[in-house]
Amino acid sequence: MIVIHTLLTWDATLFHFINAGLANPVFDVLLPLCREKWVWAPLYLFVAVFSFLHFGNRAWFVLLGLVAVVAISDGTSSQLLKKNVRRLRPCNDPAMIESVQLRLPSCGSGYSFTSSHAANHFGIALFLSGLFGNLRRWIRPAALVWASLIAISQVYVGVHYPGDVLGGAILGMGVGWLVARLVRHWVLEKQQWA
């Protein structure tokens, strides 16, 4: 019990450092935007084009793999973990609400652990790294920086604790890695010899 209490205290302290201590006008504009799907639409289009350029018709399996990664990581985070852990978001937590700087129109009504944004984006990052990392060396670090930016944005805007995004990142990385291995083995490598 003491260990859990200590971890929760550290999590709250780190939350305050990111949410309030890093506050500045640039982050106030940039980081809420990082959470928005439409901001990343050009990137998603680039991934689709890149997939077709490198894998031809097999790119459909890459895109289906991406859908599977998001479906599994989001479903596990939202339906299994959040509903069973039931951790309140910092912006809804009575012990935290007075000190949270909420940078969104609303806090959201769901639970906090794990961050589905972090799970989904780290899942995508590991999936893309697993499939394209050997083709272009810059893909792995770029994908991880991208996912990290989205994850830290969740804390900065006030809707998740750092532990929530860390848990989501671990979940997403596991799902992304597994689906990438399956797609690479069963679709991409086997069809090279067909």
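These questions and answers walk through a predicted model, from the whole chain down to single residues.

Student: How many helices and strands does the chain have?
Tutor: Read along the sequence, the pattern is α-α-α-α-α-α-α. No strand interrupts it. The count is seven helices and zero strands.

Student: What radius of gyration does the chain have, and what would a compact globule have?
Tutor: Start from the length, 194 residues. A compact globule of that length would have a radius of gyration near 16 Å. The chain's value agrees with this, and it is 18 Å.

Student: What box do the C-alpha atoms fill?
Tutor: Take the box along the principal axes. Its dimensions are roughly 60 × 40 × 25 Å.

Student: What share of the contacts with a separation of 6 or more joins residues 24 or more positions apart?
Tutor: Contacts here are heavy atoms within 4.5 Å. Set aside pairs with a separation below 6. Of the rest, residues 24 or more positions apart account for 81%.

Student: What percentage of the residues is buried, and what percentage of the exposed area comes from carbon and sulfur atoms?
Tutor: Buried means under 20% relative accessible area. By that cut-off, buried residues make up 43% of the 194. The chain exposes about 10,700 Å². Carbon and sulfur atoms supply 70% of that area.

Student: How far apart are the mean positions of the positive and negative charges?
Tutor: The chain carries 15 positive and 8 negative charges. Take the mean position of each set. The two means are 14 Å apart.

Student: Which helix supplies the largest share of the largest nonpolar core?
Tutor: This core has 48 residues, and those with the most contacts inside it are Leu66, Phe127, Leu128 and Phe132. Helices α1 (2–21), α2 (25–34), α3 (41–55), α4 (59–85), α5 (116–132), α6 (139–156) and α7 (162–192) each supply at least two of its residues. The largest share is nine residues, and it comes from α5.

Student: Which residues does Phe132 contact, leaving aside its neighbours within four places in sequence?
Tutor: Phe132 is among the core residues with the most contacts inside the core. Leave aside its neighbours within four places in sequence. The partners are Phe50, Ser51, Phe55, Val62 and Ile139.

Student: Which two residues does a cis peptide bond join?
Tutor: Most peptide bonds are trans. Here omega is about 5°. Thr114, one partner, sits in the loop between α4 and α5. The cis bond joins Phe113 and Thr114.

Student: Which residue other than glycine has phi near 60°?
Tutor: Most residues other than glycine have a negative phi. This one has a positive value. Its place is in the loop between α4 and α5. The residue is Arg86.

Student: Is Arg86 buried or exposed?
Tutor: The cut-off for exposed is over 50% relative accessible area. Arg86 has 54%, so Arg86 is exposed.

Student: How far apart are the C-alpha atoms of Leu88 and Phe113?
Tutor: Leu88 lies in the loop between α4 and α5. Leaving aside neighbours within four places in sequence, Leu88 touches Asp93, Pro94, Tyr111, Ser112 and Tyr161. Leu88 and Phe113 are 25 residues apart along the chain. Their C-alpha atoms are separated by 8.0 Å.

Student: Which residues does His117 contact, leaving aside its neighbours within four places in sequence?
Tutor: His117 is found in helix α5. At 24% relative accessibility, His117 counts as partly exposed. Beyond its neighbours within four places in sequence, the contacts of His117 are Arg35, Ile150 and Gln154.

Student: Why does Glu36 count as partly exposed?
Tutor: Glu36 is found in the loop between α2 and α3. Partly exposed lies between the cut-offs of 20% and 50%. Glu36 counts as partly exposed because its relative accessibility is 30%.

Student: Is Pro162 buried or exposed?
Tutor: Pro162 is found in helix α7. Leaving aside neighbours within four places in sequence, Pro162 is in contact with Asp11, Leu14, Phe15, Ile18 and Val155. Buried means under 20% relative accessible area. Pro162 has 10% relative accessibility, so Pro162 counts as buried.

Definitions and conventions. Residues numbered from 1 in each chain as written. Predicted model: local features only at pLDDT ≥ 70, side-chain atom pairs only at ≥ 80, totals over all residues. Heavy atoms only, no water. Helix = DSSP H or I, 4+ residues; strand = E, 2+ residues; numbered from the N terminus. Rg over C-alpha atoms; globule rule 2.2 N^0.38 Å. Buried < 20%, exposed > 50% of the residue type's maximum accessible area, 1.4 Å probe, protein only. Areas by Shrake-Rupley, 256 points an atom, 1.4 Å probe, with all protein chains shown as cover. Lys, Arg positive; Asp, Glu negative; His and termini not counted. Charge placed at Lys NZ, Arg CZ, Asp CG, Glu CD. Core = buried A, V, L, I, M, F, W, Y, C linked by side-chain atoms within 4.5 Å.
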